Amino acid sequence: MRGLLVLLKKEFLAYFRSPLAYIFAVAFLLVVNGLYMNTFFLARVCDLRNFFQILPVLLLIFGAALTMRVWAEERKSGTLGLLLGFPYPTWSLVLGKFLGTYLFALTVLAGTLVLPLMLAVLGDPDQGAILSGYLGAALLLSFYLSLGIFLSALFEDQIAVFVLTGVIGLVSILVGTDLVSSTLDSWLPGVGGFLREALGVLPHYRSFFRGVVPLRDVLFFLSYTLVFLVLNGLTVGGFLRYHRRRLFYPAVAIWLGLALFANAILSRLILPRLDLTEEKLYTLSPVTRKVLARLKAPLRITYYVSSPGKLPPVMRNLAVEVRSFLEELSALNPRVHFAVVDPERDPELARKLQDRGIEPFAVQTIERDKVSVRRVYSALALSYLDKPEEVIPQVVPDSLSTLEYDLVSRIYRLTLSRKPVVALFTGAPSFSVSYQTVRKILRDLNLQVKGTPLTRNNGLPKGTRLLILLSPGKLNDRQLFEIGKFLHQGGSVLVAASVARFSYQSSPEGKILATPLPQDLSINRLLSTYGLRIEDRVLLDRQMVTMAMSQEREMGIFRAIVHIPVNFPMQVQILPPQMDPSSPLTRGLNALLYLWGSPLQLETPKIKKLGLRSEVLFRSSSQAWTRKVDFGALAPEDLRPSGSLRSYPLAVLLQGHFPLPFNGVPPPWPGEKKSPRKKKALPSSGGSSGKGRLLVVGSGAMFADGIIDIFDNALFLANAVESMALGGELLSLRAKLKPIRYLPPVSETAALFWRLVTVLGPAFFWMILGGFIFWRRRYRRQRFYREVRGESA
C-alpha cells in the first residue's frame with residue numbers, strides 16, 4: 001500500500017511539473033466548453049446532453065495525450081529498471097501510475113463544472129441527470145486511461161502510443177454506432193451486433209447522460225478498466241523483464257476474450273439500474289400502481305417481436321428492455337401476464353395478426369454497402385375481458401421513453417366502462433382554421449370525438465363529458481345558454497379564442513407585414529356571467545418567438561421556396577416561470593407558443609360571490625402590453641410598447657357550481673316563433689346540477705395545425721383534455737414524456753459574460769496555475785544556486 005501511495009503522489013504531481021500537461025488541459029477545456037457554448041444560447045435548453053455527447057472523442061484524445069508518456073518515458077529514459085527495483089509489488093506500481101493519471105484527468109475535467117453552475121444560475125437543470133452524466137464521463141475516462149497506460153508499456157515511442165491509443169479508442173466508438181454495426185452484420189452476420197454490445201462504448205455511455213445509472217453499463221467500463229490494468233501488470237511484470245514472453249500474448253488474448261464475451265452476456269441480462277432524474281423518468285410511477293390495482297380480471301400483454309438475428313443492431317436490445325418493463329408490471333400485480341412471441345415462426349399466426357392491425361414495419365439498415373429495408377415485428381397487444389384489443393403497432397428504441405404512458409394509458413382505458421365523448425365546435429368556416437391535429441390528439445387518447453354545430457336539431461351528443469370550443473366565432477344566445485346549461489349540469493368546457501388572428505405577407509420592399517383578421521367574441525356574453533372575459537385587445541410581449549414564413553421567389557430562371565424569419569411581438573413565448581407549477585395541467589411543460597392571443601380579464605369579487613374557484617394556469621411575462629385591433633397591414637415597428645408593461649393572465653380554470661345564464665330563461669333558437677306567454681325560468685338546478693369546470697385560453701391559433709406541434713402546445717391540450725374528460729389520473733405519466741427544460745430569455749450582456757466565464761475562465765485558471773508553479777520552481781532553483789555559490793565562496 002505504501003508503494004501505491006508513493007507512486008500515486010509522484011505521478012499526480014509530475015503532471016503539474018510538465019508544460020505539456022498544462023497545454024493538454026488548456027486545449028481540452030477550451031475545445032469542450034467552447035463547443036458546448038457555441039450553440040447553447042440558440043437552443044436555450046437547460047441540460048448538458050450536448051456536452052456529454054461530444055465527450056467520447058475529446059476524452060479519447062485527451063486521455064491518449066496524458067497516458068502516452070506514463071511507461072514509455074520510463075523505458076526511454078532508463079528509469080524503468082530503477083522503478084522495478086523498488087521493493088513494491090507490481091500491482092502497486094501499475095495502480096499507482098493509473099490512479100495518479102486518473103486523478104489529474106478528473107482534476108482537469110472538473111474545469112467543466114462551470115457549465116452546470118451556469119445552468120443552475122440561469123435556469124432549473126436536472127441535477128440528477130448532470131450527476132449521472134459526469135459519472136458516465138468518469139467511467140469512460142477510466143476506460144481510455146487504462147487502455148493508454150497498457151499500450152504505453154509496450155512501446156518506447158510516445159507518438160506511437162498516442163496514435164495506437166487513439167485508433168483503438170476510435171474503433172471502440174465506431175463499433176458502437178448503428179452505421180458500422182449494421183455494415184458489419186451485413187457481411188458477417190452477428191458480428192456487428194456482438195461487437196456493438198461487447199466493445200462499443202457509445203451504447204453503454206448514452207444511458208448516463210439521460211439520468212440513469214445502469215449496473216450493466218457500470219460493469220462494462222469497470223471490467224475493461226480491470227482487464228487493461230491486469231494486462232498492464234503482466235506487461236510490466238513479465239514482458240518488460242524479458243521472461244515468459246511466450247505466455248504474454250496468449251494471456252492478452254484470453255483476458256480480452258473474457259472481457260468481450262462477459263460483456264456480450266451482460267447485455268442480455270436484466271440488471272437493476274438507478275434512476276437519478278428529479279422526475280424519476282425511468283421509474284414506475286405511483287399512478288401505474290393505482291391503474292393496475294383497478295384490474296378485476298387477468299390482463300394479457302403479448303409482445304410480438306422478430307428474432308434477434310433478423311432485427312437490425314440498433315433494435316437488438318429492444319426485446320430485453322421491453323421484457324424488463326413487462327416484468328416490472330407483472331411484479332406490481334399478479335393479474336398482469338405477458339408473453340414474448342416471434343410471429344415469423346408461425347405463418348398462420350402472422351396472417352391472423354394482420355387482421356388485428358399488427359404487421360411488420362420497415363426498418364432501414366445497411367447491408368453489404370447498400371441501404372436496404374428489413375421488415376420486422378415489434379408490437380404490443382393488450383387483452384382484457386371482452387373489450388376490444390388495444391394495440392401498439394410499433395415499438396422502437398425511441399419509444400422506450402414513452403412506453404410506460406403508452407401501456408398504462410391503454411390499460412386505464414380498458415378498465416373504463418365506456419369511451420368518454422368529447423364534442424368539438426370550431427365555429428363558422430370563415431373564422432376557423434384547421435384543427436385536424438386536435439382531432440388526432442383526441443383520437444389518440446382513445447376518446448369518441450364528435451363534431452357538433454350546436455343547433456336546435458343537433459345539440460350536444462349524448463354522454464358528452466367535455467365540450468371544446470376552438471375559435472368559435474359568432475354564437476347566438478341559445479347556443480350560449482346550452483353551453484352554460486352543460487356547465488351547470490357538471491360538464492367540462494374548454495374555450496380557446498382571441499380577438500383576432502393575423503396573416504403575413506411581404507411588401508414590395510421586402511418587409512414582412514401582418515394584417516389582422518378580427519374574430520367575434522360573443523362567447524364573452526356567457527363568460528361574463530362567471531366573472532371572466534377575453535379582452536378585445538391583442539397581447540404583445542417582448543418575450544417572443546421567431547417564426548418562419550414560406551415564400552416563393554424567382555432565382556434567375558428558377559423559382560424556389562425560401563423561408564423568411566418573422567419577428568412580431570404577438571408570437572408570445574410562455575416559459576415555466578410564467579406557469580403554475582402546482583397545476584397538473586402545466587406541470588412538466590417547458591414552453592408554449594401563445595400565438596395571436598388576447599389577455600383575460602378576471603372579476604375576482606364576482607367569481608368569489610358565485611362560489612367558484614379560479615386558477616391562473618399561465619401568464620405573460622412582465623414585459624407585455626396590449627393593443628386595439630387596427631385595420632391594415634402592420635410592420636414590427638408599428639407594434640412597439642405603448643404605456644406600462646406588465647404581466648397578463650392568459651389561461652384561467654374555473655371550478656365549482658356554475659349558475660344558469662340568462663337568469664335561467666332559455667332564449668329562443670334562431671327562427672323559432674316566440675311564445676305569446678313569457679317563458680318560465682328553469683329551476684336553479686336546471687334539471688340536475690354538478691361541479692363543472694371551465695378552462696378559458698385567450699388564443700385559438702395556438703392549437704391550429706402547424707402551430708400546435710411547436711413547443712408543448714400539444715402536450716398542454718392533451719393534459720387539459722385528460723384532466724377534464726378522463727379525470728387526470730394519467731397526467732403525471734404524460735409529464736414524464738418530455739424532460740426538456742428551456743431557459744428563460746438571457747440578455748446579450750449576460751450571454752457574453754457566461755461565454756467568457758465558461759470558455760476562457762477554466763483555461764485561464766490553468767494558465768495562471770502553470771505560470772505560478774514554473775515561476776516558483778525557477779525562483780527556488782535560482783535561490784539554491786545562489787546558496788551553493790555562497791557556500792563555495
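**Exercise 1. Describe the largest pocket of this predicted model: its volume, its centre and its lining.**

Step 1. Start with the volume. The largest pocket has about 1,500 Å³.

Step 2. Count the lining. It has 50 residues. Those nearest the centre are R210, R273, E321, P397 and L400.

Step 3. Sort the lining by class. There are 27 nonpolar residues, 15 charged and eight polar.

Step 4. Assign the lining to elements. Helices α4 (49-67), α12 (191-198), α13 (201-209), α14 (215-239), α17 (318-332) and α19 (403-414) each give at least two residues, and so does strand β1 (212-214). The largest share belongs to α17, with seven residues.

**Exercise 2. Do the same for the second largest pocket, and find which element gives the most to its lining.**

Step 1. The volume is about 840 Å³.

Step 2. The lining has 30 residues. Y405, D406, K440, D444 and L445 lie nearest the centre.

Step 3. By class, 13 of the lining residues are nonpolar, eleven are charged and six are polar.

Step 4. At least two lining residues come from each of β8 (390-392), α19, α20 and α24 (713-726). Helix α19 gives the most, with six. This helix also supplies at least two residues to the lining of the largest pocket.

**Exercise 3. Place K440: which helix holds it, and is it buried, partly exposed or exposed?**

Step 1. Find the helix. K440 sits in α20, residues 436-444.

Step 2. Take its relative accessibility, 48%. Partly exposed covers the range between under 20% (buried) and over 50% (exposed). K440 is therefore partly exposed.

Step 3. Link K440 to the pocket. K440 is one of the residues nearest the centre of the second largest pocket.

Step 4. Set K440 against L99. The two are 341 residues apart in sequence. Their C-alpha atoms are 57 Å apart in space.

**Exercise 4. Find the residues of the nonpolar surface patch, and trace them to their elements.**

Step 1. List the members. They are L30, V31, L35, L752, L756, L760, F764, M767 and I768.

Step 2. Add the area. Together these residues have about 810 Å² of accessible area.

Step 3. Name the elements. Helices α2 (19-38) and α26 (748-792) give two or more residues to the patch. The largest share, six residues, is from α26.

Step 4. Check one member. L756 is in helix α26. Its relative accessible area is 44%, so L756 is partly exposed. A patch residue needs over 30%, and L756 belongs to the patch.

Note on methods
Residues are numbered from 1 along each chain as its sequence is written. This is a predicted model: local features need pLDDT of at least 70, side-chain atom pairs count only at pLDDT 80 or more; totals for chains, interfaces and linings use all residues. Side-chain values use heavy atoms; hydrogens and water are left out. Helices (H or I, at least four residues) and strands (E, at least two) are DSSP runs, numbered from the N terminus. Buried means under 20% relative accessible area, exposed over 50%, partly exposed in between (1.4 Å probe, protein chains only). Patches are made of residues with over 30% relative accessible area and no salt bridge: like charges are joined within 9 Å, nonpolar side chains (Val, Leu, Ile, Met, Phe, Trp, Tyr) within 5 Å. Accessible areas come from the Shrake-Rupley method with a 1.4 Å probe; for residues, only the protein chains shown count as cover. A salt bridge is a side-chain nitrogen of Lys or Arg within 4 Å of a carboxyl oxygen of Asp or Glu. On a 1 Å grid over the protein atoms alone, a cavity is a set of points where a 1.4 Å probe fits but cannot get out, and a pocket is an open set with protein on both sides within 12 Å along at least five of seven lines; lining residues have an atom within 4 Å of a point. Grid points are joined across faces, edges and corners, and a volume is the space filled by probe spheres set on the points. Ala, Val, Leu, Ile, Met, Phe, Trp, Tyr, Cys and Pro count as nonpolar, Asp, Glu, Lys and Arg as charged, and the others, Gly among them, as polar.
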